[in-house]
Amino acid sequence: LGDIMQLSVVIPVYNEEDNMKPMIDAVRQSLDGKIEYELIIVDDGSDDHTVNRAKALLRPEDHCVTFNRNYGQSTAMAAGIDYASGSLVATLDGDLQNRPEDIMAMIAVMQQHDCDVVAGWRKNRQDGMLLRKIPSLCANFLIRKLTGVALKDYGCTLKLFILDVAKNLGLYGELHRFIPVLAQLYGAKIREMPVTHHPRVHG
């Protein structure tokens with residue numbers, strides 16, 4: 001693609017000061033030398049040192065978008081996507097529960113299957129059963145039944161999109177939970193891929 005940016009990595013964060021360095025280091029280790037990319041950190045109104053720590057680690061081609069208050073993950077994700085200039089857009093949580101090294105595998109899946117979206121599936125989810133896993137299983141079941149979009153995990157933030165689909169999701173409110181549904185309504189072809197999931201360490 002020459003000088004055209006190939007990948008935009010959008011990471012919404014909120015009070016993740018202790019995760020900034022390990023998360024950005026993990027992105028660098030996973031992508032440096034493999035693909036041209038920009039990193040877009042969207043700070044959703046943090047009241048700690050998240051913004052300062054992020055800015056100290058970013059390169060000139062990266063961006064740090066800051067909100068003056070907490071608007072929620074969908075709004076933060078939409079703002080990051082607005083800044084994206086890559087032909088592909090990856091979305092990633094800032095807490096390192098998902099690993100950025102899965103992104104290159106997702107790109108391979110997208111190329112192999114000629115699809116528009118690759119959605120992460122936290123096959124071995126490392127969260128608490130009562131507060132995280134059971135509500136997620138119930139939500140996944142309801143979304144599957146109500147929409148007919150047959151995925152195993154709708155809530156995983158780690159996803160890869162072609163730019164056109166990402167720019168037309170129309171995210172607001174809590175719609176980040178329904179991204180696969182929005183993408184399919186737009187006409188996107190979606191594949192699901194198992195991704196690594198780790199327990200939260202900080203934040």
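An axis, in what follows, is a line fitted to the C-alpha atoms of a helix over the stretch in contact, and the angle between two axes runs from 0 to 180 degrees between their N-to-C directions. Keep in mind that the model you are looking at is predicted.

Let us start with two helices. Two packed helices are described by the angle between their axes and the distance between the axes. In this model, the axes of α1 and α2 come within 9 Å and cross at roughly 30 degrees. Angles under 35 degrees count as roughly parallel, so α1 is roughly parallel to α2. The crossing of α1 past α2 is right-handed.

Which residues make this contact? From α1 come Met20, Lys21, Ile24 and Arg28, while α2 brings Thr50, Arg53, Ala54 and Leu57. Sorted by character, the residues of the contact are four nonpolar, one polar and three charged.

Two residues of that contact, Arg28 and Arg53, lead us on to the salt bridges. The count of salt bridges in the model comes to six. Look for arginine 53, which forms a salt bridge with aspartate 18; their closest N and O atoms are 3.3 Å apart. This pair links distant parts of the chain: arginine 53 sits in helix α2 (residues 50-57), whereas aspartate 18 lies in the loop between β1 (7-13) and α1 (20-31), 35 residues apart. Are these partners buried or exposed, or something in between? Buried means under 20% relative accessible area and exposed means over 50%. Arginine 53 has 37% relative accessibility, so it counts as partly exposed. Aspartate 18, at 41%, counts as partly exposed as well.

Now turn to arginine 28, whose side chain meets that of aspartate 62 in a salt bridge of 2.9 Å, N to O. Here too, distant parts of the chain are linked: arginine 28 belongs to helix α1 and aspartate 62 to the loop between α2 and β3 (63-66), with the two residues 34 apart. Arginine 28 counts as buried because its relative accessibility is 13%. Aspartate 62 is buried too, at 7%.

One more pair is worth finding. Arginine 99 forms a salt bridge with glutamate 101, and the closest N and O atoms are 3.6 Å apart. Arginine 99 counts as partly exposed, with 22% relative accessibility, and glutamate 101 is partly exposed at 42%. Salt bridges can also share partners: in this model, such sharing joins Arg28, Arg59, Glu61 and Asp62 into one network.

How values were computed. Residues numbered from 1 in each chain as written. Predicted model: local features only at pLDDT ≥ 70, side-chain atom pairs only at ≥ 80, totals over all residues. Heavy atoms only, no water. Salt bridge = Lys/Arg side-chain N within 4 Å of Asp/Glu carboxyl O. Helix = DSSP H or I, 4+ residues; strand = E, 2+ residues; numbered from the N terminus. Buried < 20%, exposed > 50% of the residue type's maximum accessible area, 1.4 Å probe, protein only. Parallel < 35°, antiparallel > 145°, perpendicular 65-115°, else oblique. Left-handed = near helix turned anticlockwise from the far one by under 90°. Contact = heavy atoms within 4.5 Å. Nonpolar A, V, L, I, M, F, W, Y, C, P; charged D, E, K, R; others polar.
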